[in-house]
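Please open the structure in your viewer and keep the sequence panel beside it. The stops below go from one pair of strands to the sheet around it, then to a hairpin, and last to the whole chain.

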Amino acid sequence: MAANAQLRVDQLPADPLLHVLSLLGFRDLISCSYVSRRLNDLSKHNPLWRSLCSTHWLLTDADRLQSGVSWYCLFKQYYTDLGRYMQYYPALKRAWEQLKVFLQLRCPRMIASLKEGATEVELNDIEAQIGCRLPDDYRCSYRIHNGQKLVIPGLMGSMSLSNHYRSEVLLDVETAAGGFQQRKGMRRCLPLTFCFHTGLSQYMALEPAEGRRMYESFYPCPDQTAQDPSAIDMFITGSSFFEWFTVYVQDVVTGEYPIIRDQIFRYVHEKGCEETTGDITVSVSTSFLPELSSVHPPHFFFTYRIRIEMSSSASPEAACQLDSRYWKITTSDGNVEEVQGPGVVGEFPVMTPGKVHEYASCTTFSTPTEFMEGHYTFHRLANKEEVFHVAIPRFHMICPPFREPLVRTQKAAASYPPRLDDHDHDDEFCDGDGDDFGDLRGINMAALEGAWCPRHI
């Protein structure tokens with residue numbers, strides 16, 4: 001019997017070998033190139049690197065043609081420049097591209113405010129300036145786009161009420177470095193956003209200090225019951241820059257937030273928060289306002305936006321007018337309050353087939369979670385004696401997670417008011433369907449002493 005001939009992998013025909021190589025990641029593919037001359041040649045096969053360029057760098061045939069080099073060389077170029085960010089780059093690049101497509105269609109004037117990406121040298125210089133390392137997910141995003149120009153509207157969302165406006169700009173890295181905090185209570189915190197009208201910023205903790213976790217994002221909220229100005233509570237908005245940014249973009253491009261006057265309004269529509277009574281549908285979305293809220297004392301400010309729509313298929317005889325509203329408000333500690341009054345925000349909308357009426361209102365609570373439900377009372381235009389109720393679906397208002405500063409948790413509990421879950425509070429409700437914001441309990445925006453403003457303003 002003839003001896004079995006040994007078959008070496010690199011002696012296989014090209015087609016099955018290329019199929020095997022196509023299943024490998026780029027590191028294994030490079031390792032194969034050192035095995036033999038034949039595998040070295042095959043491992044540079046253009047279609048292999050075309051797939052890898054698409055996977056890791058989201059590159060297209062047009063990008064390759066513009067570069068004038070092979071897919072293998074193009075991959076090397078990107079890896080040399082951006083290789084440290086491979087963990088984040090595809091998702092962040094895709095998020096930016098999806099966001100720009102959305103903005104072009106719905107908020108075109110925001111596109112012009114986006115800045116070109118920063119260079120590695122510029123980011124390294126910022127690290128040297130602030131004496132702190134920037135996380136790779138932040139650096140990666142800023143290599144793609146260096147935030148936006150200091151203009152309104154801000155990319156990171158807006159909110160508008162009768163006498164209050166907020167719009168958060170995504171800061172470029174140079175401006176953010178100018179607002180890098182070293183003061184007690186905010187040490188090693190880098191601003192991510194800035195609002196011209198309120199001075200509000202979201203920050204990212206670059207070091208685990210004063211009760212903060214490394215790289216989490218938050219809104220600072222001064223403790224107004226403490227004597228120590230460094231006692232700053234935190235409304236947490238993300239565990240990392242990557243989560244903070246990609247979750248926001250996903251909410252924007254999937255229509256989670258409404259677009260109003262070319263601005264992204266950060267109202268959240270609770271799934272299933274819609275109810276139809278006859279020909280009229282009512283839906284509700286809500287938003288938490290950190291700049292008008294505090295943890296100490298417990299004061300949580302919410303706004304809600306209500307959409308009332310009459311079906312276009314309704315008969316003309318179904319036309320009606322809203323007379324009054326009724327609310328049942330329940331807080332997380334079990335307190336129930338009932339509120340009723342004429343109209344909505346001073347109006348008595350007339351509903352006809354196909355008409356939509358929207359309005360925004362607000363409310364304050366001393367508990368971090370609560371829900372509201374109720375009904376509107378209407379009468380038919382053709383017969384004022386015909387009065388009926390239209391249900392308002394139950395909707396929840398939940399403030400983001402918050403954390404106390406280390407300076408507070410280290411003090412004796414007896415020196416400070418009890419925590420939220422240890423004390424029954426007398427809630428002051430304001431359903432907001434008037435001209436005021438209710439009891440703001442002296443929220444002191446100036447308590448953000450040391451708060452900064454971008455130098456360019």
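Select F218 and I236 in this predicted model: I236, which lies in strand β9, is the bridge partner of F218. Extending the selection to residues 217–222 and 232–238 shows strands β8 and β9 in full, and these run antiparallel with 6 bridges joining them.

Now add the other strands of the sheet, which is open and consists of 5 strands in the order β5-β7-β8-β9-β21, with antiparallel pairing. Which strands stand at the edges? Selecting 189–191 and 402–403 gives the answer, since these are β5 and β21, and each has a single partner strand, so that one side of each is left without a neighbour in the sheet.

For the next stop, select residues 158–161 together with residues 164–170, which are strands β3 and β4; they run antiparallel and are joined by 4 bridges. The two strands form a hairpin, with 2 residues between them. Within this hairpin, pick out S160, whose bridge partner in β4 is Y165.

Finally, clear the selection and display the whole protein chain, in which there are 13 helices and 21 strands. If you colour the chain by burial, bear in mind that buried residues account for 51% of its 457 residues. A surface display would cover an accessible area of about 21700 Å², and carbon and sulfur atoms contribute 50% of that area. If you turn to a contact map instead, 65% of the contacts between residues at least 6 apart in sequence join residues at least 24 apart.

How values were computed
Residues numbered from 1 in each chain as written. Predicted model: local features only at pLDDT ≥ 70, side-chain atom pairs only at ≥ 80, totals over all residues. Heavy atoms only, no water. Buried < 20%, exposed > 50% of the residue type's maximum accessible area, 1.4 Å probe, protein only. Contact = heavy atoms within 4.5 Å. Areas by Shrake-Rupley, 256 points an atom, 1.4 Å probe, with all protein chains shown as cover. Pairing = 2+ DSSP bridges.
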